[in-house]
Amino acid sequence: MINLTFLAAVATAKANLASALNAAVSSSQRISARATYRFAITEATIARSNALTQLGNPPEKPGHKPPVTTTTL
């Protein structure tokens with residue numbers, strides 16, 4: 001679900017960028033459209049990262065044991 005939300009946000013940002021670039025008549029409008037796109041991608045990335053952090057660590061694989069370290073003197 002987290003990745004689907006991220007991908008949807010990226011797709012929306014791309015569509016908005018394409019629309020803004022098609023309507024842009026000056027270089028400042030194109031620069032603004034690209035900056036808005038980069039901002040939207042950054043926001044989507046931050047939201048995805050926060051959502052993944054809230055999930056915590058992934059579960060261990062079944063049958064997987066952590067390595068045991070031994071020391072010898």
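## Helix α1, outside and inside

Start with the outward side of α1: the face turned away from its buried side carries four exposed residues, Leu-4, Asn-16, Asn-22 and Ala-23. Keep in mind that this is a predicted model.

On the inside, the buried residues of α1 are Val-10, Ala-13 and Leu-17. Looking down the axis of α1, these buried residues fall within an arc of 60°, so they line one face of the helix. That fits the usual helix arithmetic: with 3.6 residues a turn, residues three or four places apart point the same way in an α-helix. As for what they pack against, the partner of the buried α1 residues is α2, residues 27-55.

## Two helices, checked for length

The secondary structure is quick to list: the chain has two helices and zero strands. Helix α1 runs over residues 2-23, which makes 22 residues. From its first C-alpha to its last, α1 reaches 32 Å, close to the 32 Å expected at 1.5 Å a residue.

Helix α2 gets through the check too. With 29 residues at 1.5 Å a residue, α2 should span 42 Å, and its end C-alpha atoms are indeed 42 Å apart. Just after α2 comes Gly-56, where phi turns positive, at about 85°.

## Where α2 meets α1

Two residues of α2 give a handle on how the helices sit together. Ile-41 has its place in helix α2, and it touches Val-10 and Ala-13, leaving aside residues up to four places away in sequence. Both of those contacts are among the buried residues of α1. Is Ile-41 itself buried or partly exposed? At 21% relative accessibility, Ile-41 counts as partly exposed, because buried means under 20%. Ile-41 also pairs up with Phe-6 in a distance check: the two are 35 residues apart in sequence, with 8.9 Å from C-alpha to C-alpha.

Arg-38 is the other one, also placed in helix α2. Its relative accessibility is 49%, so Arg-38 counts as partly exposed; the exposed label needs over 50%. Along the chain, Arg-38 and Ala-13 are 25 residues apart, while their C-alpha atoms are separated by 8.5 Å.

## The chain as a whole

So how does the overall shape compare with a globule? The chain has a radius of gyration of 21 Å, whereas a compact globule of 73 residues would have one near 11 Å. The C-alpha trace spans about 75 × 30 × 15 Å along its principal axes.

Burial and surface complete the picture. Of the 73 residues in the chain, 8% are buried. The accessible surface comes to about 6300 Å², and carbon and sulfur atoms account for 61% of that.

Note on methods
Residues numbered from 1 in each chain as written. Predicted model: local features only at pLDDT ≥ 70, side-chain atom pairs only at ≥ 80, totals over all residues. Heavy atoms only, no water. Expected span 1.5 Å × (residues − 1). Buried < 20%, exposed > 50% of the residue type's maximum accessible area, 1.4 Å probe, protein only. Arc of directions from axis to C-beta. Contact = heavy atoms within 4.5 Å. Rg over C-alpha atoms; globule rule 2.2 N^0.38 Å. Areas by Shrake-Rupley, 256 points an atom, 1.4 Å probe, with all protein chains shown as cover.
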